[in-house]
Amino acid sequence: MIKIAPSILSADFAALATDIARVEAGGADQLHIDVMDGRFVPNITIGPVVVAAIRKRTRLPLDVHLMIVEPERYVPEFVAAGADMVTVHVEACTHLQRTLAQIRELGARAGVALNPSTPPAALEFVLDDLDLVLVMSVNPGFGGQSFIPSAHRKIRELRKLLGTRPVDVSVDGGVKADLAKSIADDGASTLVAGSAVFGAADPAAAVRAIRAAATAA
């Protein structure tokens, strides 16, 4: 079953609770929260305090995507703030397996994000430590970018690599209704959408439209 995860990076931060309520009304399955440090990526976004505030406003699972260097230093704070899933970048982790084990030991689901130029093979020796993989279909750091077509092949290759393991495959970047079906057919189980949802006049309707497109016969 396809899950829809609105990315709050494109939400109105002055009315975040309202925007979250809108996507909940549309049937969103979880929230995607982008954390940027100005080092791993150019922009700076939010920290654990905002995650804790979001946790108080929603019962949806929170997937906290750490686009930061040395993520292992901050994982405990984000889990304590209410993260259900913590996703780190393979490129940012010197000791990836250790970081994934740390996330799980703290009670959250462990995820790894792959930049557009990072192959699925980078995960070969941590496959059994994963709960989810986030395929970046844009270069991280900015919202509103266009989907990079090579992500289609990466998703398919990743599904083969994972085999029968119950690992979620999320896709993040340029995801819109007109791409939802092809991404789902590639093997994605979660579609992360930011501007396509929060940039719409009716975010709830946008969530429903992406789901309908992804699950169309």
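## Thr118 and its loop

Thr118 sits in the loop that links β5 (109-114) to β6 (132-136). In this predicted model, Thr118 has a relative accessible area of 10%, so it counts as buried, the cut-off being under 20%. Beyond its neighbours within four places in sequence, Thr118 is in contact with Val90, Glu91 and Lys154.

## Leu114 in strand β5

Leu114 belongs to strand β5. Its relative accessibility is 0%, and Leu114 is therefore buried. With residues up to four places away in sequence left out, Leu114 touches Val90, Glu91 and Lys154, the three residues that are also listed as contacts of Thr118. The other contacts of Leu114 are Pro119, Pro120, Leu123, Val133, Leu134, Val135 and Met136.

Thr99 is 15 residues from Leu114 along the chain, and the C-alpha atoms of Leu114 and Thr99 are 15 Å apart.

## Nonpolar cores

The largest nonpolar core holds 61 residues. Within this core, the residues that touch the most other members are Leu66, Val86, Leu96, Leu123 and Leu191. Leu96 itself touches Val88, Val90, Val112, Leu123 and Val126, again leaving aside residues up to four places away in sequence. Another core, of six residues, lies apart from the largest one; Ala5, Ala113, Val138 and Val192 are among its members.

Val90 and Leu123 recur in these lists: Leu96 touches both, and Leu114 touches both.

## Overall fold and dimensions

The protein chain contains eight helices and eight strands. Its radius of gyration is 16 Å, close to the 17 Å that the globule rule gives for 217 residues, so the chain is as compact as a globular protein of that length. Measured out along the principal axes, the C-alpha trace spans about 45 × 40 × 30 Å.

Of the contacts in the protein chain with a separation of 6 or more, 65% are between residues 24 or more positions apart.

## Burial, surface and charge

Buried residues make up 53% of the 217 in the protein chain. The accessible surface of the chain is about 9400 Å², and carbon and sulfur atoms contribute 53% of that surface.

The protein chain carries 21 positive and 24 negative charges. The mean position of the positive charges lies 3 Å from that of the negative charges.

Definitions and conventions: Residues numbered from 1 in each chain as written. Predicted model: local features only at pLDDT ≥ 70, side-chain atom pairs only at ≥ 80, totals over all residues. Heavy atoms only, no water. Helix = DSSP H or I, 4+ residues; strand = E, 2+ residues; numbered from the N terminus. Rg over C-alpha atoms; globule rule 2.2 N^0.38 Å. Buried < 20%, exposed > 50% of the residue type's maximum accessible area, 1.4 Å probe, protein only. Contact = heavy atoms within 4.5 Å. Areas by Shrake-Rupley, 256 points an atom, 1.4 Å probe, with all protein chains shown as cover. Lys, Arg positive; Asp, Glu negative; His and termini not counted. Charge placed at Lys NZ, Arg CZ, Asp CG, Glu CD. Core = buried A, V, L, I, M, F, W, Y, C linked by side-chain atoms within 4.5 Å.
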